[in-house]
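I am keeping these notes as I look things up, entry by entry. The sequence and the model come first, and my entries follow.

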Amino acid sequence: MELEERESIQRCMQGQAYCPVNLPRAIWFWTAFALVSAASAAVNLIWRDPALLTLFAIPAIYLGLIRIPVAAFVAANALSCALIAFVAEGEAGGAVSAAAFLAISCLARRMASTSFRHYSQKRQYEELFMDTMLSFAKSIDTRDPYTAFHSRNVAGYAKRIAEELKLPAAQTEAVYLAGLIHDIGKIGTPEHILSKESRLTEEEYEIMKLHPEAGYNIIKNIARLQELGIADMVRHHHERIDGKGYPHGLRGDAIPLGARILAAADAFDAMTTNRSYRQKLAVETAAEELRRHSGTQFDSAVADAFLRALARDGTLQTQEAPRGQAASAQTAAG
């Protein structure tokens, strides 16, 4: 499972983003490079104007932007300079153009190398920070033996819901990662509240309700998490469709879809996990709570998708609901 978490972080941190000067080493690059060089040579052979030799600056820049081995870079430059010399037919302008080609190509390569190094370092720092936050999230879970795997369970449920809703792969990964860190804000919640062996008082519950906003404040400055909407998922995973949730009382579609998914996953895991003040509910009982609160506490489409996913993998048939056992999903979700 930890390997899955690590891979999810890497996919989310990279996503569709890429270094703008890190062109892929693919056959289309060499094809395009050859076509551009050939076009520059053809224009010069047809019109014989020394000024047209400047067209070779285009393949020079193009060549410099590709991350290829030094030997391949040198060979490509040598062939290009030979082509320029052939087109110039030994004229002085040809030597100047070849020298300019080399200078432009080397400068572009230097810029690309520096940019890619900075980009790689930024990604490494972001992944390191995410590792740290995941460690914090796990430490929060282990502070209470009754919720030792809560974040991991919520992430898994959230991913199944996203897949059932047929969300894009990137959005599914984002929901999964948000599930892993959705309770990161509880790092600031007092120990006596997290580990209390009875129901929280009204004052204690108000303190507990601060954790979504606290979690958002911890991760809000990570650009990638903002881009993916993960920060907002963490912030709003306790909102309700009817507007009676927290921290901002958002209603309906004003709640981010990822947060609506987390809300259902969080409540379901809370209901099916032993707590200090009650025993866990049967899966069927928790599923019935999802149905009963669909459209009020939970997004109806999300709840339906979750129930379909549970039915498809046989989870709903693994246990029978004990008689007389019931609980509110609202109080179950911490």
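Where along the chain is the place of Asp-299? I looked this up in what is a predicted model, and I found Asp-299 in the loop between H14 and helix H15, which covers 300-312.

**Entry: around Asp-299**

I then asked whether Asp-299 is buried or exposed. Its relative accessibility is 11%, and because the cut-off for buried is under 20%, Asp-299 counts as buried. Leaving aside the neighbours within four places in sequence, I found Asp-299 in contact with Ile-241 and Arg-260. Ile-241 is 58 residues away in sequence, yet the C-alpha atoms of Asp-299 and Ile-241 are 6.0 Å apart in space. With Arg-260 I noted a polar contact of 2.8 Å, which joins the side chain of Arg-260 to that of Asp-299.

**Entry: the chain as a whole**

I stepped back to count elements, and the chain has 16 helices and 0 strands. Of its 334 residues, 45% count as buried. I also looked up how far apart in sequence the contacting residues are: among contacts with a separation of 6 or more, 72% are between residues 24 or more positions apart.

**Entry: H13 against H14**

I looked next at how helix H13, residues 257-271, packs with helix H14, residues 283-292, and I recorded an angle of about 145° with the axes 9 Å apart. The crossing in which H13 passes H14 is right-handed. On the H13 side the contact is made by Ala-264, Phe-268 and Met-271, while H14 contributes Val-283, Ala-286, Ala-287, Glu-289 and Leu-290. Sorted by class, this contact has 7 nonpolar residues, no polar ones and 1 charged residue. I added a reminder to myself that an α-helix has 3.6 residues a turn, so residues three or four places apart point the same way.

**Entry: Arg-235 and the cis bond**

Which residues does Arg-235 contact beyond its neighbours within four places in sequence? I found Pro-212, Glu-213, Tyr-216, Pro-247 and His-248. Arg-235 is found in helix H12, residues 230-236, and with a relative accessibility of 18% it counts as buried. The side chains of Arg-235 and Glu-213 are joined by a polar contact of 2.8 Å.

One of the contacts of Arg-235, Pro-247, led me to the loop between H12 and H13, where Pro-247 is found. There I noted that the peptide bond joining Tyr-246 and Pro-247 is cis, with omega about 15°.

**Entry: Lys-166 and the helix after it**

I looked up Lys-166 in the loop between helix H6, which covers 150-164, and H7. Lys-166 has a positive phi of about 60° although it is not a glycine. I set beside this the general point that most residues other than glycine have a negative phi, and that most peptide bonds are trans. With a relative accessible area of 71%, Lys-166 is exposed.

How many of the 13 residues of H7 are buried? I counted 10, so H7 is largely enclosed by the rest of the structure. The buried residues of H7 include Thr-172, Glu-173 and Ala-174, and the list runs on to Leu-180 and Ile-181. I also checked the length of H7, residues 169-181: at 1.5 Å a residue it should span 18 Å, and its end C-alpha atoms are 19 Å apart, which agrees.

**Entry: Glu-204**

Glu-204 is found in helix H9, residues 202-208, and because its relative accessibility is 15% I entered it as buried. Apart from neighbours within four places in sequence, Glu-204 is in contact with His-192, Ile-193, Lys-196 and Arg-199. With Lys-196 there is a polar contact between side chains, at 2.6 Å. I also recorded that Thr-189, 15 residues from Glu-204 along the chain, has its C-alpha atom 9.8 Å from that of Glu-204.

**Entry: Leu-134**

My last entry is on Leu-134, which is found in helix H5, residues 92-142. Leu-134 is buried, with a relative accessible area of 7%. Between Leu-134 and His-182, which are 48 residues apart along the chain, I noted a C-alpha separation of 10.0 Å.

Definitions and conventions:
Residues numbered from 1 in each chain as written. Predicted model: local features only at pLDDT ≥ 70, side-chain atom pairs only at ≥ 80, totals over all residues. Heavy atoms only, no water. Axes fitted to C-alpha atoms, helices over the stretch in contact; angles between N-to-C directions. Helix = DSSP H or I, 4+ residues; strand = E, 2+ residues; numbered from the N terminus. Left-handed = near helix turned anticlockwise from the far one by under 90°. Contact = heavy atoms within 4.5 Å. Nonpolar A, V, L, I, M, F, W, Y, C, P; charged D, E, K, R; others polar. Buried < 20%, exposed > 50% of the residue type's maximum accessible area, 1.4 Å probe, protein only. Polar contact = N/O pair within 3.5 Å; in protein donor to acceptor, adjacent residues only side chain to side chain. Expected span 1.5 Å × (residues − 1).
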